[in-house]
Amino acid sequence: MARQGTTLQGSQVIRVCAEHSAPLVPQGGNTGLCGGATPDHSGRAVVLLTSRLNCVRAVDTLNDTMTVEAGCILQAVQEQAAVAGQFLPLSLGAEGSCTIGGNLATNAGGTGMLRYGNMGDFTLGLEAVRADGEIWDGLRGLRRDNTGYDLRNLYIGSEGNLGIITAATIKFFRNPRRLVRRCWRCPAPSKPLRSWCESPSHRFPCPHWSAQTDNGLSAFASRRPSSVSR
Ligand SMILES: Cc1cc2nc3c(=O)[nH]c(=O)nc-3n(C[C@H](O)[C@H](O)[C@H](O)COP(=O)(O)OP(=O)(O)OC[C@H]3O[C@@H](n4cnc5c(N)ncnc54)[C@H](O)[C@@H]3O)c2cc1C
C-alpha cells in the first residue's frame, strides 16, 4: 500500500509498479461499492491511496474555478466553494468521504445531475499520471480548449484504468438565490418524471432531486410533514 503526498511521488510509485508488472489499484474514499478500488486476490497488487493528496492549489474567483488535488474530500471542496460565494453542484450520499479523484474516475452524477450534468461536465482541466509514470499536465481553466486531443475526457470515467488523476480544475456556479424543498409520493418508479413535468414547479429549475423508497419518504415526512404532497 502506498500513500502519495505529491504528484511526483505517485509517478515514482507507478514507475516501480510498471517495472515489476505489478497491478496498481487507485483508491480514493473507497465508497464506489463495486470493487473498482479493491485489489484482487493475487497478493501482488499495490493500492495507491490519494488521501494525502489533498491541497487546494488555487481559487480563481474571476474565472469561477478552483484547482484541487484528487484526494480532497468532496464535502470539503463544497465548503471551500461556499466560502468563496460559489456552488459546487455535485452532491451525493458519500460526499463526506468520497474524493474528487474518485468522483472524476467514476464521472459521478449525484442529485444535481439533471440540472448541472456529471462531474466531468464541470471539470475544465486535469492533471494525471499515466500508466508508464509520465505526468500529464492538462490543468487549464479554459471554457473552450481545442488544442489537440481531448485527453481530459479520456480519464474522466476511466475508473483508474488509464492512470491516476492527481488534480483537477473545477468550474463553480452561482449559488441558487432560494431553495425550496418539494417531495412527491409516486406509486411507481415511472411516475416521478411525469409528476415533475406536470407540476407548476416545472417552470423553475430543479437543482437537486433524488428518488426515495417508501421507507425513506416516510422517515422524511415524519420530520417535515408539511412538505410532502400526495
Ligand atoms: C461507474 C460508477 C458511477 C457512479 N456514479 C455515481 C453517481 O452518478 N451518483 C452517485 O451518487 N454515486 C455514483 N457512484 C458511486 C460514487 O462513484 C462514489 O461514491 C464516489 O464518487 C467514488 O469516490 P471515492 O473517492 O470513494 O472513489 P473510490 O471508491 O475509492 O474509487 C472508485 C473508482 O475510482 C478509481 N479512483 C479513485 N481515485 C482515483 C484517482 N485519483 N485516479 C484514478 N482513479 C481513481 C478507483 O480505482 C475505483 O475504480 C458511481 C460509482 C461507479 C463505480
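## A parallel sheet, Arg52 and the ligand shell

In this predicted model, β1 and strand β3 (residues 46-49) run parallel and are joined by two bridges. Within this pair, Arg3 stands opposite Leu49 in β3.

The sheet has three strands. It is open, its order is β1-β3-β2, and the pairing is parallel. β1 (2-3) and β2 (24-27) stand at the edges with a single partner strand each, so one side of each has no neighbour in the sheet. Strands of a sheet pair through backbone hydrogen bonds.

| Element | Residues |
|---|---|
| β1 | 2-3 |
| β2 | 24-27 |
| β3 | 46-49 |

Helix α1 (residues 7-19) lies across β1, β2 and β3. Its direction is at about 170° to β3.

Next comes Arg52. It sits in the loop between β3 and β4 (56-60). Is Arg52 buried or exposed? Arg52 is partly exposed, because 13 other C-beta atoms lie within 10 Å, and a count of 12 or fewer would make a residue exposed. Leaving out residues up to four places away in sequence, Arg52 touches Arg3, Gln4, Gly5 and Gly71. Thr6 is 46 residues from Arg52 along the chain, yet their C-alpha atoms are separated by 7.9 Å.

The ligand has 30 residues around it, and Gly28, Gly32, Gly36, Gly101 and Gly102 come nearest. β2, α3 (100-105) and β9 (163-171) are the elements that give two or more residues to this shell. α3 gives the most, with four residues. By type, the shell divides into twelve nonpolar residues, 17 polar and one charged.

Definitions and conventions: Residues numbered from 1 in each chain as written. Predicted model: local features only at pLDDT ≥ 70, side-chain atom pairs only at ≥ 80, totals over all residues. Pairing = 2+ DSSP bridges. Contact = placed C-beta atoms within 7 Å. Axes fitted to C-alpha atoms, helices over the stretch in contact; angles between N-to-C directions. Buried ≥ 20, exposed ≤ 12 C-beta atoms within 10 Å, placed from the backbone. Near = placed C-beta within 6 Å. Nonpolar A, V, L, I, M, F, W, Y, C, P; charged D, E, K, R; others polar.
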